[in-house]
Amino acid sequence: MADSPDCGHRDTHTSSGQPGERFPLTATSTWTVDWEVTGGGADSGQLTEIRTSTVGVRVGELQVVS
């Protein structure tokens, strides 16, 4: 499989020696909503919501699979 150009990652070493023996992983999602009132109103707009979460990921062993 090919690496994802915008969200892929390939570990090349374990998380041993990292703080808490974990790599920090942060994911961010962005939602953009266009809205409008139907049936008589002229109101419309755009709402953008951004959510970010961070967790620690432990990588204890790496193996090559071919």
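A: Let's start with a word you'll need: a residue is called buried when its relative accessible area is under 20%. Keep in mind that this is a predicted model.

Q: OK, what share of the 66 residues in the protein is buried?
A: Buried residues make up 5% of them. The accessible surface of the whole protein is about 6,100 Å², and carbon and sulfur atoms hold 51% of that surface.

Q: Which residue could I look at as a case, and is S15 buried or exposed?
A: S15 works well: it counts as buried because its relative accessible area is 1%. You'll find S15 in the segment before β1. Skipping neighbours within four places in sequence, S15 is in contact with E21, R22, F23, V57, R58 and V59.

Q: How many helices and strands should I look for?
A: Zero helices and two strands. Strand β1 covers residues 23-36, and strand β2 covers residues 44-57.

Q: How do I read contacts between residues that sit far apart in the sequence, and what does T26 touch?
A: The idea is to compare distance along the chain with distance in space. T26, in strand β1, is 27 residues from S53 in sequence, yet their C-alpha atoms are 5.6 Å apart. Leaving out residues up to four places away, T26 touches T52, S53 and T54. The side chains of T26 and T54 are also joined by a polar contact of 3.0 Å. Across the protein, 49% of the contacts with a separation of 6 or more are between residues 24 or more positions apart.

Q: What about charges: how many salt bridges are there?
A: Here's the general idea: side chains of opposite charge can pair when their charged atoms come close. In this model the count is two salt bridges. One is between R58 and E21, at 3.8 Å from N to O. That pair links distant parts of the chain, with R58 in the segment after β2 and E21 in the segment before β1, 37 residues apart. R58 is partly exposed, at 48% relative accessible area, and E21 is partly exposed too, at 40%.

Q: And which residue does E49 pair with?
A: E49 forms a salt bridge with R51, where the closest N and O atoms are 2.9 Å apart. E49 counts as partly exposed because its relative accessibility is 34%, while R51 is exposed at 54%.

Q: Which residues form the nonpolar patch on the surface?
A: V33, W35, V37 and L47, with about 350 Å² of accessible area together. Take L47, which is in strand β2: L47 is partly exposed, since its relative accessible area is 49%.

How values were computed:
Residues are numbered from 1 along each chain as its sequence is written. This is a predicted model: local features need pLDDT of at least 70, side-chain atom pairs count only at pLDDT 80 or more; totals for chains, interfaces and linings use all residues. Side-chain values use heavy atoms; hydrogens and water are left out. Helices (H or I, at least four residues) and strands (E, at least two) are DSSP runs, numbered from the N terminus. Buried means under 20% relative accessible area, exposed over 50%, partly exposed in between (1.4 Å probe, protein chains only). Contact means heavy atoms within 4.5 Å. Accessible areas come from the Shrake-Rupley method with a 1.4 Å probe; for residues, only the protein chains shown count as cover. Patches are made of residues with over 30% relative accessible area and no salt bridge: like charges are joined within 9 Å, nonpolar side chains (Val, Leu, Ile, Met, Phe, Trp, Tyr) within 5 Å. A salt bridge is a side-chain nitrogen of Lys or Arg within 4 Å of a carboxyl oxygen of Asp or Glu. A polar contact is a pair of N or O atoms within 3.5 Å; within protein, one must be able to donate a hydrogen and the other to accept it, and residues adjacent in sequence count only if both atoms are side-chain atoms.
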